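Visitor: I'd like to know how the labels used for a protein–DNA model are justified. Could you take me through a few?

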There are 4 protein chains.
Amino acid sequence: MVHSSNTRSKDASGRLQRRAEARRLEILRAAARVFRRRGFAATGMREIAAEADLSSGNLYHYFRGKDEILYFCQDRSLERMLEALAAARASDASEATRLREVVRAHVRCLLDELDGSAAHLEVEVLPRELRDPIIDKRDRYERGLRRMIAAGVKTGEFARCDARLVTRAILGAANWTARWFRPEGPRSATSVADSLSDYLIRGLVADCDSPAAPRPAADSGGSR
Amino acid sequence: MVHSSNTRSKDASGRLQRRAEARRLEILRAAARVFRRRGFAATGMREIAAEADLSSGNLYHYFRGKDEILYFCQDRSLERMLEALAAARASDASEATRLREVVRAHVRCLLDELDGSAAHLEVEVLPRELRDPIIDKRDRYERGLRRMIAAGVKTGEFARCDARLVTRAILGAANWTARWFRPEGPRSATSVADSLSDYLIRGLVADCDSPAAPRPAADSGGSR
Amino acid sequence: MVHSSNTRSKDASGRLQRRAEARRLEILRAAARVFRRRGFAATGMREIAAEADLSSGNLYHYFRGKDEILYFCQDRSLERMLEALAAARASDASEATRLREVVRAHVRCLLDELDGSAAHLEVEVLPRELRDPIIDKRDRYERGLRRMIAAGVKTGEFARCDARLVTRAILGAANWTARWFRPEGPRSATSVADSLSDYLIRGLVADCDSPAAPRPAADSGGSR
Amino acid sequence: MVHSSNTRSKDASGRLQRRAEARRLEILRAAARVFRRRGFAATGMREIAAEADLSSGNLYHYFRGKDEILYFCQDRSLERMLEALAAARASDASEATRLREVVRAHVRCLLDELDGSAAHLEVEVLPRELRDPIIDKRDRYERGLRRMIAAGVKTGEFARCDARLVTRAILGAANWTARWFRPEGPRSATSVADSLSDYLIRGLVADCDSPAAPRPAADSGGSR
DNA sequence: TATGAATGAGATTTCATTCAT
DNA sequence: TATGAATGAAATCTCATTCAT
């Protein structure tokens with residue numbers, strides 16, 4: 001009884017907070033869409049506001065400024081990618097399979113109509129304090145990929161290569177999809193993700209006649 | 001035969017024109033450097049002017065405006081790439097060799113400290129009249145790559161694949177180098193170009209055990 | 001006598017009113033503190049709200065707007081000063097003593113940590129309708145001081161002088177304390193008030209050797 | 001001969017620089033006028049620009065921003081006051097005469113229609129990097145006054161007092177003139193400066209009957 | 001009474017571009 | 001050819017105020 005008012009007000013404030021959080025997400029999604037279309041620097045706060053359907057002044061209730069919006073966009077998509085990386089690591093499939101899974105998730109995450117954000121591709125524009133944590137995350141992700149590749153090379157599953165360079169080649173090819181992919185085009189995001197990851201992994205797997213003739217059991221291809 | 005005075009003035013004007021042309025090139029190179037560092041939208045005319053060591057007002061003696069500078073940057077690097085494409089076509093090596101040659105030239109062109117311009121990577125910002133001819137050239141270039149790949153597939157040199165998608169994967173991986181390559185880093189531009197093209201072509205070549213008998217399987221899946 | 005129910009509700013409403021009045025005072029004090037720190041124009045409603053520990057929207061339940069807050073700050077401190085002026089007038093001490101009392105009260109009022117408001121120092125920012133009554137009060141106060149000085153001059157207690165100018169000199173010296181006084185400093189507000197009023201009055205009192213026979217060479221005017 | 005072009009261009013650039021410097025001064029004067037009327041925070045760049053007769057954007061050719069304009073206003077008037085202080089120190093008149101001279105210069109500097117700047121009165125609004133050097137200068141000036149007073153006390157020319165407090169009283173009375181003085185009023189700036197300094201010094205000088213034998217009494221009380 | 005959301009006007013500042021010299 | 005001055009539009013951001021709850 002006595003607590004009812006407290007409880008109610010607590011509920012109310014909880015509802016409010018949840019609603020505010022939801023609004024923040026909507027804004028981030030809207031911003032990601034505009035950033036993808038026009039790039040960060042060329043996007044105005046007014047455009048973000050229009051896309052999110054609020055006044056430009058009101059944006060500043062939810063975020064400190066344009067930089068912070070970009071920061072959260074980047075953070076969100078990096079988080080998703082790190083999750084995919086962790087999930088792949090947890091599986092016990094071959095390195096090739098795990099790597100393919102990560103690349104597919106990466107591409108799907110970029111191209112996802114609703115939530116997709118290529119925003120993490122523009123990092124240099126942020127001020128130090130916001131850039132550094134993003135770069136940390138990005139590097140953590142890249143390192144994860146590199147280690148997968150290096151591991152595959154060690155087991156002989158992958159051909160010898162400069163793991164760092166190949167990682168970046170894969171990331172480049174994957175990130176580039178955000179530039180050319182059109183949802184109304186002939187192929188779905190999922191199908192693009194599949195084909196692309198196939199191609200990128202194929203360049204990694206050791207040649208079948210394998211120079212020194214390493215293990216017979218290769219990744220995705222039995223006796224091949 | 002013209003009179004000496006005419007001749008002299010012609011010479012003089014020729015010298016002047018040549019000098020002006022050289023200055024234009026210097027400016028384009030300077031602009032390309034800044035665009036690569038900061039992106040087009042975030043780059044100010046004053047920054048370009050400072051990098052090219054002239055006053056911002058004076059830029060307008062050489063170019064109509066910022067857009068035109070970007071236009072010529074893009075045009076120049078696309079021209080160089082189209083030349084490399086033509087040169088590769090003229091050779092009679094295998095498709096793989098020719099394609100590798102194009103990719104190597106592409107990467108070297110992007111990373112070349114002096115002339116490299118990653119500027120063609122931002123096309124959408126230009127107004128129609130400047131954008132359209134650039135897009136034409138860019139598409140011509142992409143089509144050239146795609147045809148090489150398709151040809152290789154037809155001869156069985158390359159595995160079956162979606163040539164459009166692989167083309168874009170290759171372009172993505174190659175273009176991305178402009179983002180991460182640091183000239184002071186451990187590898188030279190040429191060495192990066194070599195390794196990257198190796199990896200990208202390897203993903204294309206038909207499985208080693210089947211150069212003479214390409215599998216009947218379809219694109220990216222089939223009976224595999 | 002009213003009925004109990006009425007009485008009760010009247011009491012309740014009285015309590016409420018009293019409570020609301022107290023809240024208004026708290027807000028005014030908080031606002032005065034912020035105004036003193038940052039100046040009126042540079043102070044935001046949110047800062048006032050934060051200092052008074054309520055939401056910025058809620059400020060508008062107590063005041064019509066920022067201007068009105070400033071108005072009441074100024075009005076309150078002017079009222080206190082006018083009271084001190086009246087009290088001094090009511091005493092039958094010498095002019096010098098009465099004037100010193102007013103100045104001491106003025107300074108203490110400004111420096112008083114809790115209630116002090118230097119806010120009346122910014123008058124011009126208010127819109128006419130709010131500014132005029134404040135200016136009236138301020139002028140009334142200044143006139144009171146001026147008359148004290150003029151009276152002292154007439155009785156020979158003070159040296160001849162431009163009463164208006166000396167009044168303003170005194171007000172300036174007194175008001176300025178609000179800028180430099182720090183409560184954590186070596187001297188208390190009261191001690192500062194004492195010393196300052198001593199100095200300011202000493203400049204007024206007629207030279208010792210001429211209380212009844214002022215020197216022939218007066219202030220700004222030769223043989224007059 | 002050969003040098004003539006060089007010389008000419010040098011002259012031209014010298015002229016340009018001088019003109020630019022003159023423009024900067026005009027802007028500072030204009031800004032000082034507006035700051036005096038409306039206060040720093042309440043003054044918009046547009047108002048400054050209008051008063052200085054140029055576009056608001058163009059202000060940024062001459063100054064980094066509003067803060068820097070205030071900084072230079074303050075710096076200029078503090079420089080003038082420090083000069084007056086140094087000049088007074090160089091004279092060999094009595095302490096009272098020297099102090100009076102400084103105060104007169106101070107007031108004239110504030111009220112001077114053309115160059116006067118009360119802008120140094122708002123210091124706290126500046127960011128650290130600009131505020132610190134101003135505060136240094138201001139403190140140097142205040143210290144100069146304080147030492148003059150302390151010296152006068154030592155020689156017996158001035159009555160015993162808290163030199164710091166009296167310094168601030170004098171500064172307060174002097175600075176306050178910027179608030180109430182109207183050039184179209186009955187008294188000239190010079191006349192105000194004279195009368196005010198007379199009054200302020202009179203409060204300092206030792207009682208007339210004791211020039212040779214200053215009372216042993218302490219600070220603010222004694223046998224008076 | 002109280003709040004957070006919302007807004008529109010206006011602040012400072014930037015910037016591509018033009019112009020006088 | 002070259003420059004610095006100048007401008008107007010637009011960008012980001014702030015803020016007093018109002019509103020729904």
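Guide: Sure, here are some labels for this predicted model, each set against its cut-off.

Visitor: What makes A:Tyr62 count as near DNA strand E?

Guide: A residue is near a strand if one of its heavy atoms lies within 4 Å of it. A:Tyr62 is among the closest of the 32 residues that surround DNA strand E, along with B:Met45, C:Tyr62, D:Met45 and D:Tyr60, so the label fits.

Visitor: Why is the pair between A:His61 and DNA strand E called a polar contact?

Guide: The cut-off is 3.5 Å between N or O atoms. A base nitrogen of DNA strand E is 3.1 Å from an N or O atom in the A:His61 side chain, so that pair qualifies.

Visitor: And what makes D:Met45 a polar contact of DNA strand E, when its class is nonpolar?

Guide: The class goes by residue type, but the contact goes by atoms. For D:Met45, a backbone N or O atom sits 2.7 Å from a phosphate oxygen of DNA strand E; that is within 3.5 Å, so the contact counts.

Visitor: How do you know that B:Asn58 makes a polar contact with DNA strand F?

Guide: An N or O atom in the B:Asn58 side chain is 3.1 Å from a sugar or linking oxygen of that strand, so the pair passes the 3.5 Å limit.

Visitor: Which element gives the largest share of the surface near DNA strand F?

Guide: Helix 3 of chain B, with four residues. By class, that surface has nine nonpolar, 16 polar and five charged residues.

Key: Residues numbered from 1 in each chain as written. Chains lettered and ligands numbered in written order. Predicted model: local features only at pLDDT ≥ 70, side-chain atom pairs only at ≥ 80, totals over all residues. Heavy atoms only, no water. Polar contact = N/O pair within 3.5 Å; in protein donor to acceptor, adjacent residues only side chain to side chain. Helix = DSSP H or I, 4+ residues; strand = E, 2+ residues; numbered from the N terminus.
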